[in-house]
Amino acid sequence: MSDYFQDNKAEALNNKDEYSQGARNALQALRQSVNRMKVEAKKLGTDKDNQELRMSIAKIIKDCGEMFGKCKRELSNLSNDESQMDEAEKKRYQRQAKNFMETYTKIKASFDEIAREISEKQKLYIENARKKKAPTASKRNSHSHDLHTNEPNAVAIEDLTHKYQELDEVNIESDIIRERQEDINQIERLMTEVNQMTIDMATEVEAADSKLEQIHENARSTKENTKKALVEIGQGADYQKKSQKKMCCLIWLIILGVGAVSYTHLTLPTNREV
């Protein structure tokens with residue numbers, strides 16, 4: 001039976017070490033992804049702002065989401081109670097979970113700041129693009145009217161061809177606006193999910209810590225009550241010894257008293273004879 005419990009304890013410790021290492025690796029990968037996200041975010045609004053950059057940022061954001069999820073799973077496993085471990089070991093792993101949670105919170109704060117920066121730059125791009133698009137759309141209606149009401153000549157056809165090329169560019173710009181809006185929606189969805197994950201993790205870690213503290217408090221109370229009980233038992237033993245001593249003295253007094261009465265009773269007839 002002892003070997004069985006030792007094997008279970010060893011397995012529990014091994015699992016906790018794996019969860020701890022998993023959380024450490026996930027946090028490191030998350031930090032790296034957030035740092036790459038920060039570098040790419042600086043390029044938005046510059047001459048490097050293109051579809052390739054947007055795709056790169058979208059991939060990094062997706063990686064961050066996966067790493068946030070992995071951190072949550074590993075920290076949850078690390079915070080879960082393992083009855084096979086002793087209190088010192090539970091406290092050690094719980095302390096690790098709290099430290100990891102602090103690191104996670106700092107990385108998340110950086111992620112939120114960068115995500116807001118990306119979202120604001122994307123919104124600014126969309127706003128400017130829509131301002132450019134509005135007058136061009138008005139021109140399209142005008143040129144279309146000219147094409148159908150006036151007899152075209154070579155110059156007019158060339159001019160209209162150029163204008164329609166501009167309109168094609170507007171359509172492409174519309175697609176880009178739509179894609180950037182989708183990027184904004186993706187960021188906002190992920191931020192909402194990460195916020196909920198953070199709340200859940202913080203609650204789990206805090207609950208596990210409170211539970212462990214309650215166990216320690218119960219252990220301290222039990223120890224104090226045991227000491228108190230031992231003192232009371234000792235006092236009771238002393239009292240019992242004193243009571244036994246008093247009882248012995250009382251018995252001796254009774255014996256002496258009975259002996260004195262018996263002696264007096266035996267000697268009285270002799271005095272009458274005299």
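A salt bridge, as the word is used here, is a side-chain nitrogen of Lys or Arg within 4 Å of a carboxyl oxygen of Asp or Glu. One such pair joins K43 to E40, with the closest N and O atoms 2.8 Å apart. The model in which this pair is found is a predicted one, in which local features need pLDDT of at least 70 and side-chain atom pairs count only at pLDDT 80 or more, while totals for chains, interfaces and linings use all residues. Residues are numbered from 1 along each chain as its sequence is written, and side-chain values use heavy atoms, with hydrogens and water left out.

The protein chain holds four helices and zero strands, where helices (H or I, at least four residues) and strands (E, at least two) are DSSP runs numbered from the N terminus. Read from the N terminus on, the elements therefore follow the order α-α-α-α. Of the 274 residues in the protein chain, 29% are buried; buried means under 20% relative accessible area, exposed means over 50%, and partly exposed lies in between, with a 1.4 Å probe and protein chains only.

Helix α2, which covers residues 51–79, has 29 residues and reaches 42 Å from its first C-alpha to its last, close to the 42 Å expected at 1.5 Å a residue; the expected span is 1.5 Å times one less than the number of residues. At the N-terminal end of α2, N50 acts as a cap, with a side-chain oxygen 3.2 Å from the backbone nitrogen of E52. R54 is also found in helix α2, and R54 counts as buried because its relative accessibility is 7%. Although R54 and E179 are 125 residues apart in sequence, they are 9.0 Å apart in space, C-alpha to C-alpha.

Two cysteines, C64 and C71, are also buried, C64 with a relative accessible area of 0% and C71 with one of 1%. The structure holds zero disulfides, a disulfide being a pair of cysteine sulfur atoms within 2.5 Å.

Charged pairs come next. Side chains of opposite charge can pair when their charged atoms come close, and the structure holds ten salt bridges. In the pair described at the start, K43 is partly exposed, with a relative accessible area of 27%, whereas E40 counts as buried at 12% relative accessibility. Another salt bridge is formed by E117 and K42, with the closest N and O atoms 3.8 Å apart. This pair links distant parts of the chain, for E117 is in helix α3 (residues 87–149) and K42 in the loop between α1 (2–41) and α2, 75 residues apart. E117 counts as partly exposed at 23% relative accessibility.

Within helix α2, D63 forms a salt bridge with K59, the closest N and O atoms being 3.2 Å apart, and D63 and K59 lie four residues apart, about one turn of the helix. An α-helix has 3.6 residues a turn, so residues three or four places apart point the same way. D63 counts as buried at 17% relative accessibility, while K59 is exposed at 52%. R36, K59 and D63 are linked in a network of salt bridges.

The last stop is on the surface, where M247, I251 and I255 form a nonpolar patch with about 270 Å² of accessible area together. I251 has its place in helix α4 (residues 154–273) and, at 40% relative accessibility, counts as partly exposed.

How values were computed
A polar contact is a pair of N or O atoms within 3.5 Å; within protein, one must be able to donate a hydrogen and the other to accept it, and residues adjacent in sequence count only if both atoms are side-chain atoms. Patches are made of residues with over 30% relative accessible area and no salt bridge: like charges are joined within 9 Å, nonpolar side chains (Val, Leu, Ile, Met, Phe, Trp, Tyr) within 5 Å. Accessible areas come from the Shrake-Rupley method with a 1.4 Å probe; for residues, only the protein chains shown count as cover.
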